[in-house]
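Please open the model in your viewer and keep the selection panel at hand, since the tour goes from one pair of helices to the next and ends inside the protein.

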Amino acid sequence: MSQLKPLSISFIRFYILAFLFFAANSLLTIILPLQSEAEGIGQAEIGLMMGAYMLTCMFLRPYAGQLMGKYGPLAVMRGLLLVHVLCLVLYTFSGAEGFIWLRALQGAGTAFFSMTMQTGIVEQLADKDRAQGMSMYTLFTMVPSLFVPIVAMEVWESGMGWIYTLVVISIGALTLLVGFSVSLPKQTKHKKSYTLTEMFKSFGMIGKSRPLLVSSIVMLLGSCIFGATATFLPLYMVSSGAGSAGLYLMIQGIVVVGCRFVLRKKIPSDGSWNTALISSMLLCAAAGSLLLVLMDSIGGLVYISAIFNGIAVALLYPTLTTYLSFVLPVESRYVLMGLFMSSYDLGYSLGGLVMGIVIQSLSYQAMFAVCTVLALAAVLVVGVSKKQMEKTPKNSSLSV
């Protein structure tokens with residue numbers, strides 16, 4: 001397949017699909033915890049339910065890389081979209097007792113979706129355009145956060161279940177329509193697939209590759225903060241009455257989209273490791289979490305937290321993903337990138353699972369204090385690894 005441009009018509013359809021897919025997730029991230037709490041579910045159980053989404057993603061990411069080599073991105077995409085739409089339809093009929101299983105099913109679809117989309121970017125764009133394409137893709141995954149949280153709160157407060165059903169099924173239908181028209185390669189350039197044993201052996205490669213190890217640790221800690229904030233911020237603000245969750249998430253979404261568009265060409269697209277850039281993102285996450293600790297005393301200034309968190313969410317994932325797409329060996333790139341993405345999923349799910357227990361045992365403030373410490377720990381990891389990471393050559397020797 002000939003190389004495309006990041007802003008070509010084919011890739012614009014690509015980005016619209018990302019928008020629709022994650023619009024459903026953005027809506028459900030707000031509605032499900034509120035509905036569960038209304039049905040008498042505790043914070044720890046809500047954390048488990050919301051964490052099931054990313055936990056499933058974590059286990060299936062490497063397998064997604066395996067299937068990508070065997071069947072190709074196009075076939076995998078069509079299968080996962082059917083699963084995704086089925087899951088959305090089932091949400092409209094289920095109560096809180098069924099959410100954990102549907103979240104797991106939705107997580108399975110997301111594992112294959114993100115892996116397929118990022119494979120399409122790597123396979124169809126020139127090296128110099130890869131960071132821009134990755135940033136545009138992740139930008140459109142966050143565009144729903146500009147307005148979907150407000151829509152979700154309106155739908156919830158209306159109390160009209162038919163509106164919720166109509167919105168969810170409409171998003172699913174549009175996703176299917178656009179998804180079957182996107183341009184994706186039928187096979188990857190390197191068609192190698194792996195046996196199940198070889199795939200599990202790849203987990204051992206995390207410790208043997210400094211770039212993969214450091215990037216995974218940083219992403220694990222960062223995504224734990226993102227997951228905790230996404231899961232519990234609406235409950236925190238509703239219970240305290242100190243702010244509007246919809247407004248907070250809208251401001252954060254505006255910052256994410258703005259940063260990913262304006263700074264999309266600033267993300268290194270040559271395989272270089274930028275210690276200062278990555279540390280700055282993590283310090284923003286620390287500042288954002290600290291302001292949430294102080295929410296009761298700082299009033300409207302809490303929305304500054306949304307700006308800091310938005311910067312971290314906007315740039316950390318695309319920066320690390322683009323970096324690894326250059327330095328990991330070509331012959332095992334997708335399985336190893338799947339492992340890295342699993343670190344994001346694990347951290348995000350732990351943000352719900354573990355932090356829910358922290359809240360139930362202590363308080364929301366204590367939970368966000370823990371998030372602040374995690375961000376500073378990630379800064380320390382980046383600082384300690386600076387020399388080794390900045391010397392790593394592209395496509396370093398490592399195979400599964």
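Begin by selecting helix 9 and helix 11, which are roughly parallel to each other (angles under 35 degrees count as roughly parallel, over 145 as roughly antiparallel, 65 to 115 as roughly perpendicular and the rest as oblique). The model is a predicted one, in which local features need pLDDT of at least 70 and side-chain atom pairs count only at pLDDT 80 or more, while totals for chains, interfaces and linings use all residues. Residues are numbered from 1 along each chain as its sequence is written, and side-chain values use heavy atoms, with hydrogens and water left out. Helices are DSSP runs of H or I with at least four residues, numbered from the N terminus.

Helix 11 covers residues 275–293, and its axis comes within 11 Å of that of helix 9, crossing at roughly 30 degrees; axes are lines fitted to C-alpha atoms over the stretch in contact, and angles run from 0 to 180 degrees between N-to-C directions. The crossing of helix 9 past helix 11 is left-handed, a term used if the near helix is turned anticlockwise from the far one by less than a right angle, with right-handed used if clockwise. Show the side chains of Val218, Ile225, Thr229, Leu233 and Tyr236 in helix 9, which meet Ile278, Leu282, Ala285, Ser289, Leu292 and Val293 in helix 11 (contact means heavy atoms within 4.5 Å). This contact has nine nonpolar, two polar and no charged residues, where Ala, Val, Leu, Ile, Met, Phe, Trp, Tyr, Cys and Pro count as nonpolar, Asp, Glu, Lys and Arg as charged, and the others, Gly among them, as polar.

Keep helix 9 (residues 210–240) selected and add helix 13 (residues 303–327), which packs against helix 9 at an angle of about 155 degrees with the axes 11 Å apart. That angle makes helix 9 roughly antiparallel to helix 13. Among the residues in contact are Pro211, Met219 and Phe226 of helix 9 and Asn309, Leu316 and Tyr323 of helix 13, and the contact divides into 13 nonpolar, four polar and no charged residues.

Now replace helix 9 with helix 10, whose axis comes within 8 Å of that of helix 13 and crosses at roughly 40 degrees. Helix 10 is therefore oblique to helix 13, and the crossing here is right-handed. The contact includes Tyr248, Gln252 and Arg260 of helix 10 and Tyr303, Asn309 and Pro318 of helix 13.

Finally, turn to the interior, where the largest cavity holds about 730 Å³ of space; on a 1 Å grid over the protein atoms alone, a cavity is a set of points where a 1.4 Å probe fits but cannot get out, and lining residues have an atom within 4 Å of a point. Select Asn25, Thr141, Met142, Tyr344 and Tyr348, the closest to its centre of the 31 residues that line this cavity. Helix 1 gives the most to the lining, with five residues, and helix 9, helix 10 and helix 13 are among the elements that give two or more.

How values were computed
On a 1 Å grid over the protein atoms alone, a cavity is a set of points where a 1.4 Å probe fits but cannot get out, and a pocket is an open set with protein on both sides within 12 Å along at least five of seven lines; lining residues have an atom within 4 Å of a point. Grid points are joined across faces, edges and corners, and a volume is the space filled by probe spheres set on the points.
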